[in-house]
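Biologist: I have a structure on my screen and a few labels I'd like explained. Could you walk me through them?

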Amino acid sequence: MHRNVSKYALIFLFLAASGLVFLLRNIHTVENWNCHTISALYQLQSKIQSSIIPVNLPTFYHNRTFCAHLGQKPSPEDELEERYLLDSVSWPGPPSTFTALRQTSDPVHSLFAILPTKGGKEWHVGDQLEVLVQMHDFQGRPKHYGGDFLLARLHSPELGAGVAGTVLDHKNGFYSALFPLLWVGSARVEITLVHSSEAVAVLRRLREERPDRVFFKSLFRLGFLSETTVCNMCLPPDQQPLCNYTDLYTGEPWYCYKPKMLSCDNRVNHAKGGYLKHLITNKEVLLFQSGVNIKVHIPALGLDRINVLPARKEVESSSRKPESINLEPSGYYYEDTWRPLSGVTRRQFNSSSAVTRCLKNKLIYMYGDSTIRQWFEYLTAFVPELKEFNLHSPKNVGPFMAVDSTHNILLKYRCHGPPIRFTTVTSSELRYISNELDGLPGGPNTVVALSIWAHFSTFPVEVYIRRLRHIRQALVRLLDRAPGTFIVIRSANLQALDQEVSLYNSDWYSLQLDKVLRAMFKGMNVLLVDAWQMSLAHHLPHALHPPPPIIKNMIDMFLSYICPEKKKSQL
């Protein structure tokens, strides 16, 4: 018996090492194999996997141009737009590489002051509040250059009110934060240093030079034999042979290192491989310290709050018009309810019956990352009639589907194509959003909700521009053939940051992508749920997956777009 096992084991090892898989393809024809023989072969396969086919990470630095411009060559118009978009997200950097932490921005030594009104000492609804921020280093010395990443919020905890401010960098160590005054009563200013200019310079360098700092893997399997190799959007072709999984329709590139013994056709799944560590120096590590220089509030010089009076009578009728507010936010909270400043009137959908009335006879397709999956989960939990159909999909991965047969509602979620950092996605379920959109008939009963940003933070901005361009082209085709289709896009949002998260998913990366997204879909017949400002203006802590009160406000805005408030004449 043991002699036979050894004989077949040697045969299997020889064939596997030679890259031949004939035996595996025809395993059902091999006779006289008993359970002990098969067990021995499984054990041998395990040894082969561990000793012959290790998952080696590539040791190289990416060339930004190489990584950013893989795939189809952009047209001259696309290249012009790309240059414009890159210019729009350009960010001032420090004049030179820092030499010590003490020379970098320190939120504790920095300060802000509320500037007085032009017409006196009173503030009224409809006015604009201006705050001046001066940055200092850890030695208390004023900084003379810009590039710090600041967030500004005006809020009133007792009123459940909050609005995002607009920060202007004067590039000399001073910053202005501008707020519209939108409610009567107390309003408190909050200025937060997210990252120093020196930290932003490190983040920018990592994005351009090390997009491989999040790596991916795929499992290849045929019969008893399996191999795992590293995958990414851009892999150097000179290290080892590659499997090219570039999408045939969009030209979106994706590669895996070719298995040593299996074919590229034997790929089974896609998964996040992990995060590369030790990418910054010990000195640079000091730029990313929780409670020291990551998301720390800047103190006020004097009072940090004002009292807002009702609007002046002479301007009351026009004080809330968008033209009267510079750099107007998309909305604000009052009594913990989001109130948009333009466009649709926000309705509250506080009961499941209100939701089902809105979505009756609707087909809702949600595509993107886990932040749009959160909408799917909210709706299926809030509306009992929406029964989730078991597709036997992996948890948190999908695809997912829910049906309300009584009200004829179909709700679907599908993740976007790579890069995506989910645990494991089967190869057959790796779909690009643009291709999925091309398969939709569309129409007035079709709703498409998109959110795609969180998994692109480690790549050059050009990669994100290319992906959004393909989605935009697909949306144009969809709206051409079905003009009544509802398109809703969810923007990026703020999240909790520590040192590790900052290097891969910093809010600075998200802000850059969010600016690109807004610019690329501006002027199209699409609707935006402003998750960025909704997370910034709220009093709850930032989180990649915002807490239920914020999600509830997002869903109410989403449904308000689909089912706008009827005018009185229509009642």
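Modeller: Gladly, and let's start with Arg414. In this predicted model, Arg414 touches Met366, Tyr367, Gly368, Pro399, Glu429, Arg431 and Glu436, leaving aside residues up to four places away in sequence. Arg414 is placed in strand E21, residues 409-415.

Biologist: Why is Arg414 called buried?

Modeller: Its relative accessibility is 12%, and buried means under 20%, so Arg414 counts as buried.

Biologist: What makes the pairing of Arg414 and Glu429 a polar contact?

Modeller: The distance joining their side chains is 2.5 Å. The cut-off for a pair of N or O atoms is within 3.5 Å, with one able to donate a hydrogen and the other to accept it, so the Arg414 and Glu429 side chains qualify.

Biologist: Pro399 was in that list of neighbours. What joins Gly398 and Pro399?

Modeller: A cis peptide bond, with omega about 5°. Pro399 is in the loop between strand E19 (387-389) and strand E20 (400-404). Most peptide bonds are trans. Another cis bond joins Pro418 and Pro419, with omega about 10°.

Biologist: Asn396 lies in the loop between E19 and E20 too. Why is Asn396 called partly exposed?

Modeller: Its relative accessible area is 37%. Buried is under 20% and exposed is over 50%, with partly exposed in between, so Asn396 falls in the middle class. Its phi is near 70°, a positive value in a residue other than glycine.

Biologist: And how do you know that His278 is exposed?

Modeller: The relative accessible area of His278 is 81%; exposed means over 50%, so His278 is exposed. His278 also has a positive phi, near 55°.

Biologist: On to the helices. Why is H5 called oblique to H11?

Modeller: H5 (residues 76-88) and H11 (residues 461-481) pack at about 125°, with axes 11 Å apart. Roughly perpendicular covers 65 to 115 degrees and roughly antiparallel is over 145, so the H5 and H11 angle is oblique. Their contact residues divide into four nonpolar, no polar and six charged.

Biologist: What makes H11 roughly parallel to H13?

Modeller: The axes of H11 and H13 (residues 507-521) cross at roughly 30° and come within 10 Å. Angles under 35 degrees count as roughly parallel, so the label fits H11 and H13. The residues of this contact divide into eleven nonpolar, one polar and two charged.

Key: Residues are numbered from 1 along each chain as its sequence is written. This is a predicted model: local features need pLDDT of at least 70, side-chain atom pairs count only at pLDDT 80 or more; totals for chains, interfaces and linings use all residues. Side-chain values use heavy atoms; hydrogens and water are left out. Axes are lines fitted to C-alpha atoms, for helices over the stretch in contact, and angles run from 0 to 180 degrees between N-to-C directions. Helices (H or I, at least four residues) and strands (E, at least two) are DSSP runs, numbered from the N terminus. Ala, Val, Leu, Ile, Met, Phe, Trp, Tyr, Cys and Pro count as nonpolar, Asp, Glu, Lys and Arg as charged, and the others, Gly among them, as polar. Buried means under 20% relative accessible area, exposed over 50%, partly exposed in between (1.4 Å probe, protein chains only). Contact means heavy atoms within 4.5 Å.
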